[in-house]
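I opened a fresh page in my notebook today to look through one protein model, entry by entry. Come along and keep the picture open beside you.

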Amino acid sequence: LKGWTEEAIQQGRAEMRRAYELDPSFAQALALYALWTALGSNTGLLPQTPTLAEEARVAAEQAIALDDGSTVVLGFAGCALSDVGQRERGAELLLRALEIDPSNAQAHVALGATYGLMGRMDEAIERMRYGMRISPRDRRLGFWGWAVGCLLLKARQLEQALQEARASTG
């Protein structure tokens, strides 16, 4: 709700950590903590420390151990793991989330981003756009559009990247 700022990421992480401490079975809080840690690290919104990626990885794996049947947990944890370099494990979890719930837009977008990190650009862009299409009012569309634009730039599809960038700010 406060946008993508250092303060917002820190506050969100603190709230999710507190939620997990209040209820150690609340896997979704731990998975979201892992995701915000990974995203904060990758976007430079968290101070870089030698243990930050490991912190995200451990939280993601703990969340999965608590609830490996929740598509939300699998989606957040899979995305976090992909973002900290565990692409194969992340993709495995995201595919499992989509087997359980094929309408999980976040898992589609995260799987697309993972494919992009793996160099599978056409699949990546198609998967991300599909996730955005099935959730046309999602509050994350601007961020997802930015990510698609980055993939399009990487794929040297400059005109489409510009269109995506413009659409993501609207």
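**Entry 1: one pair of helices**

In which crossing, left-handed or right-handed, does helix 2 pass helix 4? I looked it up in this predicted model, and the crossing is left-handed.

Next I checked how the two lie against each other. Helix 2 covers residues 27–43 and helix 4 covers residues 71–83. Their axes come within 8 Å and cross at roughly 25°. Angles under 35 degrees count as roughly parallel, so helix 2 is roughly parallel to helix 4.

Then I listed who meets whom. From helix 2 I wrote down Ala27, Gln28, Ala31, Leu32, Ala34, Leu35, Ala38, Leu39 and Asn42. Facing them in helix 4 are Val72, Val73, Phe76, Ala77, Cys79, Ala80 and Asp83. I sorted the residues of this contact by class and got 13 nonpolar, two polar and one charged.

**Entry 2: the other partner of my helix**

I stayed with helix 2 and turned to helix 3, which spans 52–66. At what angle do the axes of helix 2 and helix 3 cross? I found roughly 155°, with the axes coming within 8 Å. An angle over 145 degrees counts as roughly antiparallel, so helix 2 is roughly antiparallel to helix 3. I noted this crossing as left-handed.

On the helix 2 side, the contact is made by Ala27, Leu30, Ala31, Tyr33, Ala34, Thr37, Ala38 and Ser41. On the helix 3 side, I read off Leu52, Glu55, Ala56, Ala59, Ala60, Gln62, Ala63 and Leu66. By class, I have 12 nonpolar, three polar and one charged residues here.

**Entry 3: a residue in a loop**

Is Pro50 buried or exposed? I first found its place, in the loop between helix 2 and helix 3. Its relative accessible area is 85%, and exposed means over 50%, so Pro50 is exposed.

I also took a distance from Pro50. Its C-alpha atom and that of Ile125 are separated by 31 Å. Along the chain, these two residues are 75 residues apart.

**Entry 4: two buried residues**

I went back to helix 4, where Ser82 lies. Its relative accessibility is 1%, so I count Ser82 as buried. Which residues does Ser82 touch, not counting those up to four places away in sequence? My list reads Arg87, Gly90, Ala91, Leu94, Thr114 and Leu117.

Gln106 came next, and I found it in helix 6, residues 105–117. Gln106 is buried too, with a relative accessible area of 8%. Leaving aside neighbours within four places in sequence, Gln106 is in contact with Gly75, Phe76, Cys79, Arg140 and Trp144. I recognised Phe76 and Cys79 from my first entry, where they meet helix 2.

**Entry 5: stepping back**

How many helices and strands are there in the protein? I counted nine helices and zero strands.

For overall size, I noted that the C-alpha atoms fill a box of roughly 50 × 35 × 30 Å along the principal axes. With 170 residues, a compact globule would have a radius of gyration near 15 Å, and the protein has 15 Å, so the two agree.

I closed with two percentages. Buried residues make up 45% of the 170 residues. Among contacts between residues at least 6 apart in sequence, 49% join residues at least 24 apart.

Methods:
Residues numbered from 1 in each chain as written. Predicted model: local features only at pLDDT ≥ 70, side-chain atom pairs only at ≥ 80, totals over all residues. Heavy atoms only, no water. Axes fitted to C-alpha atoms, helices over the stretch in contact; angles between N-to-C directions. Helix = DSSP H or I, 4+ residues; strand = E, 2+ residues; numbered from the N terminus. Parallel < 35°, antiparallel > 145°, perpendicular 65-115°, else oblique. Left-handed = near helix turned anticlockwise from the far one by under 90°. Contact = heavy atoms within 4.5 Å. Nonpolar A, V, L, I, M, F, W, Y, C, P; charged D, E, K, R; others polar. Rg over C-alpha atoms; globule rule 2.2 N^0.38 Å. Buried < 20%, exposed > 50% of the residue type's maximum accessible area, 1.4 Å probe, protein only.
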